[in-house]
Amino acid sequence: PAVIRREDYQPPDWLVPDIALDFDLDPATTRVTAVLDVVRSSAHGRPLRLDGDGQVPTKVLVDGNPHNDWRMDGDTLEIDLPGSEHRIETEVAIHPDRNTQLMGLYASGGNLCTQCEAEGFRRITFFPDRPDVLARYSVRMTADRKRFPVLLANGDPIASGDAEDGRHWAEWRDPFPKPCYLFALVAGDLSANRATFTTMSGREVQLGIWVRAADLPKTEHALAALQTAMAWDERVYGREYDLDVFNIVAVDDFNFGAMENKGLNIFNSRYILADPDTATDADYDAIAAVVAHEYFHNWSGNRVTCRDWFQLSLKEGFTVFRDQGFSADQGSAAVKRIEDVRTLRAAQFPEDAGPLAHPIRPDSYMEISNFYTATIYNKGAEVIRMMATILGPDSFRASTDLYFDRYDGTAATCDDFVRCMEFGSGIDLTQFRHWYSQAGTPRVSAALDHDAGSGRATLRLAQRTAPTPGQPDKEPFVLPLKLKLFGGETGAALSNEQLFMLDRPTADITFDGVTERPVLSINRGFSAPVIIESDRSSADLKFLSAHDDDPFARYEAMQQLMLDTLVAAVTLGRADHEPVIDAVRRTLEDPALDRAFAAEAVLLPSDSFVGDQLEMVDPEAVFRAREALRRDLGKHLAGLWRSAYANASQAGTFVYSPAAKAARRMRSVALGYIAASGAEDAADVAFAQFEAADNMTDRQGALTTLVNGKSDKRIAALDIFYNRYSGDALVLDKWFQTQALSMRDDTPQVVADLARHPDFSLANPNRARSLVGAFGVNQRAFHMAGGAGYRFLADHLIALDKLNPQTAAKLLPPLGRWRRFDPARATLMKAELERILATPGLSKDLFEQASKSLE
Ligand code: BAL
Ligand code: ZN
């Protein structure tokens, strides 16, 4: 496949200020007529080139006249045009019910819907499918009234009426020029939960969340989140909504989480539907975050879009940063930061350390769908966060205002954004731009010396970033590090928090008047997305885990203490558990601590994160070390876990509030430790919770504990769960996923059996991810000796690639981590990658991921 390079960008030869689309909708064959007003962009002689994907036009007209002098260059329609402005009409026939890729126009649950980002519009009609061609869209849809009573598109509804043969039509118009990746239509048998929102300038917007009629009661949370998000964006960023309607449609078959199409967001139903019986607190939180994220794109993505797909992080990193701020404002900001950093470490750090590492603004790609990554999204958000930290809140807001004003209605670049940050603040970000061009996670070593005689403390910092593919050497990054010193004996603050910019390979910072042995608190709030390597003792980490006044730093100290203990256990074969037990005891006993925070702070780092700290991952040794520490924590603190469990169980019926969420979280965490202790009644306690639960958080928490344990009660619980929810696809996903994530010895076999279960299907991305995706990130089960896990993943990727290459390619990265494992495992993993590459008819999506993983 061809490699597309950022440096080859050329502005479009032809612009399309207006397009009128006419859809004669039918799942078997839909006829699409497109009328494009095209304008030559400069004095060039090149033909008009319109992207397609597999179609040939059934008709081409130029300026109203039938035109036969066109040609196909691969999938691209080429037409020579004499003048500078023409009207081009094309007609194609497409087949939504055969569209298993779920890109373009496709059928889901009897309805028709679209997904165009990144390059799906070319599967609908011929068009210059690139984000810097912005057009005003008029859309007319005609469909059978009974099967498709609701017809929605971008923008505002204009007119509707009856057509012949039981059909009807509707017209929509979007006054805002947009790239074609934001095009959307939906035709279906849907009902709306409606509300209104009055914008800050007093305009009333009609809101609608469209779902199957039976799902309407599950849309209240999403609708409330939408209203909250609209008000938040006005208050925090000064951004007002701009159309008369804002519709969201939930569909069951969807590659992404959701899509920000102008005025018509289309969502994976898992990010809309919630009620206490079927959705966990984490689901509720994710729904609010994704609803907000897609809504925020109306400005960061739609009003200001991307010049080309290399700029993807311009909209995604910024919008993730915006949705993180929104979520932080809805509950515990500290817990939200912990969750975001956990996600970054679980998904992005390994990406940055592996064969698929790329900068947040990549230099090249074969298939852009492969670049909707944790690097573009989550690291991209961290890069925006660092600029917000460097600028301070007022300058940052002034700079985002400038950005939105200056680039409204245009397709911008990452550099345009950074320039606005510079203009708005007067700060030179020349060196900071390395964050856009260099991949890899910087490591910062921090060593603190103290001379008691002179009262001087010296902090020696050094940064280095390992080579990544194509980037053997790195320039130093600008790292905004928040620092503070505490007295190791008194716990008193010995310095104010300071923001130190580490922009050289090394730097020394001195602190005077330090009369007490200082303890270093560094990268507070996770102010830079780096790995800190410090020489802090377990006593110092224990101290910080009890005394640091930055909640993230406090959490981090506990995590580091746990990591150091687990790494020692794996590498030395022994470790002293006492400091961790003591630190966890203090956290549980501290009455001043927010329970939501405490529940996160006492959790051990994941198997994978422990593995990431090792020269070579030994999955079984990591598992054994972690289980041993869990068991000791469970046993030594048995009384505290029992009382935490009892206290957290006192809540009445379900409410979704920060306090009630914190209690449920602590309940699940405490239950996990009760089970880890080996207590004889643990399975009974879990089963009782499972049966008595009035909400999915408690039910799934209990199920997870049972499914990780040895008791046969897990089989009864799984059966009860399955029978209760067999008609609910989203809950059945949890049933598959919980088993795929189990730490039990038999998980690989259970997963192989589940892949033959009648409810398993690769055709639905959520279901594929719930089993195949979850298994791939279960470090112990996936890497069990013998390579059965690797074969399982490769078999399913090869099968899924034939249906949905984009989703298949996203599940490949666990196989690409072979360099991190012993030679026996590495050989088996590479063999599966080679088998994938040798598969005839492989998609470019999977080819790119597999071939880069072998390089
Ligand atoms: N733009 C693709 C889905 C999302 O990031 O919102
Ligand atoms: Zn997004």
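R140 stands opposite E171 in strand 15. In this predicted model, that pairing belongs to a set of strands that is described below, followed by a buried threonine, the zinc site and the surroundings of ligand 1.

**Strand pairing**

Strand 12 covers residues 135-144 and runs antiparallel to strand 15, residues 167-178, with 9 bridges joining the two. Strand 12 also pairs with strand 2 (residues 14-24), here in the parallel sense and over 7 bridges. Within that parallel pairing, A20 has S138 of strand 12 as its bridge partner.

**T114 in strand 11**

T114 lies in strand 11, which spans residues 111-115. Its relative accessible area is 1%, and T114 is therefore classed as buried, the limit being under 20%. Beyond its neighbours within four places in sequence, T114 is in contact with G104, L105, Y106, I124, F183, A184, L185, F254 and I266. One of these residues, L185, also places its backbone nitrogen 3.1 Å from a polar atom of the T114 side chain.

**The zinc site**

Which residues coordinate the zinc ion (ligand 2)? The donors are H293 and H297, each through NE2, and E316 through OE, at 1.9 to 2.1 Å. Along the sequence these donor residues follow the spacing H-x3-H-x18-E. H293 in helix 2 (residues 281-296) and E316 in helix 3 (residues 312-330) are 23 residues apart, and the pair links distant parts of the chain. Both of these donors are buried: H293 has a relative accessibility of 8%, and E316 has a relative accessible area of 1%.

**Surroundings of ligand 1**

The residues around ligand 1 are E117, A258, M259, E260, H293, E294, H297, K315, E316 and Y377. The zinc donors H293, H297 and E316 are thus also listed in the shell of ligand 1. Polar side-chain atoms of three shell residues lie at the following distances from ligand 1.

| Residue | Atom type in ligand 1 | Distance |
|---|---|---|
| E117 | nitrogen | 2.5 Å |
| H293 | oxygen | 3.2 Å |
| H297 | oxygen | 3.3 Å |

Taken alone, ligand 1 exposes 220 Å², of which the protein buries 97%. Strand 20 (258-259), helix 2 and helix 3 are the elements that give two or more residues to the shell around ligand 1. Helix 2 and helix 3 are also the elements that hold the zinc donors H293 and E316, respectively.

Note on methods
Residues are numbered from 1 along each chain as its sequence is written. Chains are lettered from A and ligands numbered from 1 in the order in which they are written. This is a predicted model: local features need pLDDT of at least 70, side-chain atom pairs count only at pLDDT 80 or more; totals for chains, interfaces and linings use all residues. Side-chain values use heavy atoms; hydrogens and water are left out. Helices (H or I, at least four residues) and strands (E, at least two) are DSSP runs, numbered from the N terminus. Buried means under 20% relative accessible area, exposed over 50%, partly exposed in between (1.4 Å probe, protein chains only). A polar contact is a pair of N or O atoms within 3.5 Å; within protein, one must be able to donate a hydrogen and the other to accept it, and residues adjacent in sequence count only if both atoms are side-chain atoms. Contact means heavy atoms within 4.5 Å. Two strands pair if DSSP finds at least two bridges between them. Donors are N, O and S atoms within 2.8 Å of the metal (3.2 Å for Na, K and Ca); water is not among the atoms, so sites may look incomplete. A residue is near a molecule or strand if one of its heavy atoms lies within 4 Å of it. Accessible areas come from the Shrake-Rupley method with a 1.4 Å probe; for residues, only the protein chains shown count as cover.
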